[in-house]
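Let's take a friendly walk through a sheet, the helices beside it and a meeting of two chains. Have the 3D view ready as you read.

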Amino acid sequence: MSQQTAYPLPPRHKGKLAINALRARRLDDQVIERFLAEREVPIVEGPKCTFLYRGHADGVAVRHRIVNQPQHVPMKRLEVPEGTTPLWYVTIELPAASRVEYQIEVRQGEAVETFNDPLNPYVAHSPVGSSSVCQAAGYQTPEWVVPQPDARPGELVDLTVQSTALRRATHPRVYLPARFRRSSRYPLLVVHDGDDYLDYAAMRTVLDNLIHDLDMAETVVVFTNPGDRLREYPNSAPHARHLTTELLPALEEQLPLIRRSDARCLMGASFGAVASLSTAARNPGVWGNLFLQSGSFVFTDIGSDHGGGPAFDPVVTFMNRYRERPRRVAERMFITCGVYEPLIVPNRSMVPVFESTGARVQYVESRDGHSWENWRDRLRDGLSWIFPGPQKLVYE
Amino acid sequence: MSMPAEGSTDGDGHGAPDHRITLLGPQREPVVDEVMRSLGLEGARVATITAGWRDRERDDTVLVDQLGGRCVNLHLWQRMQQIWEEDPELERADRRRRQVLTEMQELYLIGLQKAVEACTRIRGHQPRDARVHRMAVEDVLEIIRELDERHVQRVGEVNEEFFATHEPQHRDPVVRGRHEVGHLVGECEAVVIAGGHVGVLLGTLHMFDLAPVLATAVPDPRDPRGVHARVDRPVLAWGAGAMAITERVVLFYDDSVVAPGVAEVLMDGLGLTRGLVALPSATDRLDIKDPDRMRTLTHRCQPRVALPLDPGDRVTLTADGRVPEGTRVFGPDGTVTRYAAPVAAPSTAATSADPSTTPGEEDA
């Protein structure tokens with residue numbers, strides 16, 4: 001059953017915003033430099049986040065991707081004496097615990113340049129580049145995403161599987177938990193976009209910590225990677241066949257895995273979530289759990305015009321067909337989505353559809369976007385629900 | 001009275017030495033040495049059980065230091081692995097048993113969560129008639145208790161069936177292991193059982209049949225079964241060790257990641273104690289500020305008393321394994337209070353007046 005996400009109370013701030021106090025002062029380079037040196041940027045004061053840029057330009061703006069909000073937010077130029085380097089600013093209100101990725105856009109005449117905020121050291125990385133991060137009041141980087149000194153590390157082992165279905169060799173990486181023993185039996189988690197989860201969502205560290213903290217069961221985790229992602233992930237029969245009839249038997253032959261559907265989970269974000277869902281749908285009774293993050297579950301209620309571009313055509317065909325005749329594809333589904341991403345609408349819409357099939361569905365939202373750090377921050381919720389650790393059984 | 005280690009005779013009028021069980025809070029900052037000293041057990045040879053630590057069973061340097069080196073680890077977990085290696089048929093059967101128990105636990109928990117959710121909703125209802133509201137709360141609590149009792153009963157049946165079908169007690173590796181363990185314990189003056197994974201610990205204690213090794217049954221007219229266990233040597237236990245030697249093991253962890261946890265009964269323990277449910281690290285693991293949750297928990301423990309074992313706690317039970325007067329416990333309203341034993345009923349006829357000794361009620 002899904003439950004309401006609990007957010008911290010709205011942040012409060014008393015008194016004048018720092019930028020307004022600065023505006024009231026007699027400004028020169030020294031005053032502005034001291035002002036910037038004494039603060040983290042963006043300046044977070046209660047719900048108000050003040051973005052700043054310093055430099056000569058014809059126009060400056062904050063660019064973010066919060067859905068249903070103006071994504072191009074022009075900055076104002078602070079009045080400064082001639083000869084002083086200008087300071088640009090804009091204040092945006094963000095709800096508690098928000099995490100927003102953004103860039104600064106600077107226009108000089110016809111030339112427009114977009115780059116990470118030079119005043120903000122916090123940067124999030126992804127396969128398509130990096131962005132600056134604004135952490136609103138109440139957001140905290142979870143402690144379990146950074147290495148803990150007493151958490152014993154698991155091992156990553158490279159594997160090669162010749163795939164007839166995909167007509168290529170695949171190179172998954174297998175995470176074996178610390179204290180892995182061949183005499184034990186382990187649940188299996190197969191992760192789409194595996195290297196990205198490792199590189200941008202700190203998943204190896206997260207696994208080490210969650211298993212060490214007994215939040216998650218000792219699990220064998222297989223990080224898979226696509227060849228042609230836009231062909232293999234949106235409801236591809238060869239991909240589903242590869243995972244189920246090639247990779248899974250190879251893993252079960254080589255590793256001590258629990259050979260039951262309830263001990264198997266497919267996981268992915270965005271198109272990876274579609275790949276997880278469609279693989280489970282094509283192989284009923286094999287994959288008992290799904291962990292779907294910001295799934296690209298785009299569908300149409302009328303016609304087929306979805307506005308997502310040709311890459312989404314097979315997704316929409318699959319989702320429309322599924323919505324016509326929903327059926328249980330997994331016993332348990334953990335679904336997460338950021339409220340600032342456009343996919344929040346289809347994800348919210350699909351939760352009751354999945355629930356109607358009798359699957360146990362847990363749905364969690366966050367004040368975040370379509371980003372790897374969002375998916376990272378939800379890993380503990382999902383993994384500890386899918387494969388709970390023995391916390392309840394261990395009493396030191 | 002002589003110190004327990006020396007063993008006075010006639011603690012209960014049946015000639016059995018007056019050895020006691022001492023339950024401790026978590027030993028992250030160990031005080032085993034102090035406790036042993038205070039019990040007059042300094043220098044005593046001690047059998048240790050660290051099977052709850054599983055593959056880290058042998059990482060017992062700190063414990064060995066605390067016991068001054070005069071100890072022998074029974075290595076029950078390691079012995080269990082050896083049995084599995086030598087008797088794959090038994091290993092397969094036990095694996096199957098554990099799978100069945102796991103599934104039973106999962107399904108029991110699904111029903112339990114719904115019942116606890118209903119209890120919370122009913123308690124939160126604004127009563128138009130207090131009596132109706134009270135009856136509804138009592139009814140749903142009874143349903144929860146019935147779920148608990150049925151679950152324990154069925155777990156017991158699965159375990160009995162396993163032992164009856166596969167007769168580990170007649171298989172060579174098990175017979176050998178039990179003999180060696182019994183011999184080692186026999187050479188010791190005290191037993192220490194550490195915490196860890198309570199399921200694994202209970203599994204090893206049962207496989208090596210530690211209950212009769214640690215205790216003797218003595219007649220007890222106060223007990224519904226007519227006997228109680230009298231330990232043959234002092235026993236110190238904490239964490240999962242404390243839970244495993246009680247009559248009933250209740251799992252609890254309110255600080256669950258996704259949703260508040262629901263306490264669940266795992267199975268019966270060794271039954272060396274009487275009338276208590278051990279709750280190690282209770283203050284850390286339970287949301288003790290939530291009176292409804294705590295009331296539900298203590299109600300489910302009844303007629304046993306919910307005994308918190310927090311850091312620094314030390315409870316030496318009475319000779320017949322009961323909680324002594326004045327011990328810090330969770331009362332019926334879920335708050336911390338001092339334990340007062342129920343007034344003893346006349347020995348003829350009226351044991352039913354004493355809720356803690358009503359025949360059959362403990363197992364109902």
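## A pair of strands

How many bridges join strand β18 of chain A to strand β19 of chain A, and do the two run parallel or antiparallel? Five bridges link β18 (residues 289-293) with β19 (residues 332-338), and these strands run parallel. Within this pair, look for Leu292(A), which stands opposite Ile335(A) in β19(A). Keep in mind that this is a predicted model.

## The whole sheet

Now zoom out. In chain A, eight strands make up an open sheet, ordered β11-β14-β16-β15-β17-β18-β19-β20, with mixed pairing. At the edges are β11 (155-158) and β20 (360-366) of chain A, each of which pairs on one side only. From one strand to the next, the twist averages 15°. As a general reminder, strands of a sheet pair through backbone hydrogen bonds, either parallel or antiparallel.

## Helices on the sheet

Helix α7 (residues 271-282) of chain A packs on the sheet, where it touches β17 (264-269) and β18 of chain A. The direction of this helix makes about 150° with that of β17(A).

Helix α11 (residues 379-386) of chain A also packs on the sheet, touching β17, β18, β19 and β20 of chain A. Its direction makes about 175° with that of β19(A).

## Where the chains meet

Here, 19 residues of chain B are in contact with 16 residues of chain A. On the chain B side, β5 (196-197), α7 (198-207) and α9 (240-244) each supply at least two residues. By class, that side has ten nonpolar, seven polar and two charged residues.

Strands pair across the chains, too: two bridges join β21 (residues 394-395) of chain A to β5(B), and the two run antiparallel. To find this spot, look for Val394(A), whose bridge partner in β5(B) is His197(B).

Notes
Residues numbered from 1 in each chain as written. Chains lettered and ligands numbered in written order. Predicted model: local features only at pLDDT ≥ 70, side-chain atom pairs only at ≥ 80, totals over all residues. Pairing = 2+ DSSP bridges. Helix = DSSP H or I, 4+ residues; strand = E, 2+ residues; numbered from the N terminus. Axes fitted to C-alpha atoms, helices over the stretch in contact; angles between N-to-C directions. Contact = placed C-beta atoms within 7 Å. Nonpolar A, V, L, I, M, F, W, Y, C, P; charged D, E, K, R; others polar.
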